[in-house]
Amino acid sequence: PRRNQLSNGLDKLNKTKSEVAVLKQQLAEQQPVLIETSAKVKEQQAQIAVDKEEALVIKEEAETSSAAAATKAAECKEIKDSAEAGLAEALPALDAAVKCLAKLDKSQIVEVKALKKPPAGVRLGLQA
């Protein structure tokens with residue numbers, strides 16, 4: 001029994017030794033691939049760092065442009081509001097002028113044309 005135990009133990013040691021030898025062989029074969037892969041990973045990490053910096057610069061430029069665009073939009077809104085307010089004031093006057101023109105008849109226009117030197121108020125009206 002003791003001999004069988006020793007024989008089994010020796011067999012296991014020999015089997016383990018051969019497995020270790022196979023693993024060492026595989027490790028030796030894969031070592032160049034590991035070195036190459038490590039070098040590629042370092043290159044990629046360096047490229048990622050550069051890309052991150054570029055992205056940060058682009059992000060800052062975009063934020064600056066966005067702020068400038070928001071300022072311009074606010075200025076445009078002020079101009080639009082001002083123009084709408086001016087238009088709201090001018091439209092009633094335009095409507096009144098159109099109504100006055102509609103009341104004119106042809107004989108009144110002929111009378112004004114016949115004046116060689118119309119009064120200042122008439123001249124002002126014709127200029128408008």
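How many nonpolar, polar and charged residues does the lining of the largest pocket have? In this predicted model, the lining divides by class into eight nonpolar residues, two polar residues and one charged residue. The space within the largest pocket amounts to about 320 Å³. Its lining is made up of A97, C100, L101, L104, Q108, I109, V112, K113, V122, G125 and L126. Two or more of these residues come from each of α1, α2 (106-114) and α3 (120-127). The largest contribution to the lining is that of α2, which supplies four residues.

Helix α1 spans residues 2-103 and also holds V98. A nonpolar patch on the surface is formed by L87, L91, L94 and V98. Together, these four residues present about 360 Å² of accessible area. Within this patch, V98 has a relative accessibility of 48% and is therefore classed as partly exposed, since that class lies between the limits of 20% and 50%.

Q25 is likewise located in helix α1. Its relative accessible area is 45%, so Q25 is also assigned to the partly exposed class. With respect to chain separation, Q25 and E84 are 59 residues apart along the chain. The distance between the C-alpha atoms of Q25 and E84 is 85 Å.

Definitions and conventions. Residues numbered from 1 in each chain as written. Predicted model: local features only at pLDDT ≥ 70, side-chain atom pairs only at ≥ 80, totals over all residues. Heavy atoms only, no water. Patch = residues over 30% accessible without salt bridge, like charges linked within 9 Å, V, L, I, M, F, W, Y side chains within 5 Å. Areas by Shrake-Rupley, 256 points an atom, 1.4 Å probe, with all protein chains shown as cover. Salt bridge = Lys/Arg side-chain N within 4 Å of Asp/Glu carboxyl O. Buried < 20%, exposed > 50% of the residue type's maximum accessible area, 1.4 Å probe, protein only. 1 Å grid on protein atoms, 1.4 Å probe; cavity = no way out; pocket = protein on both sides within 12 Å on 5 of 7 lines; lining within 4 Å. Points joined across faces, edges and corners; volume = space filled by probe spheres on them. Nonpolar A, V, L, I, M, F, W, Y, C, P; charged D, E, K, R; others polar.
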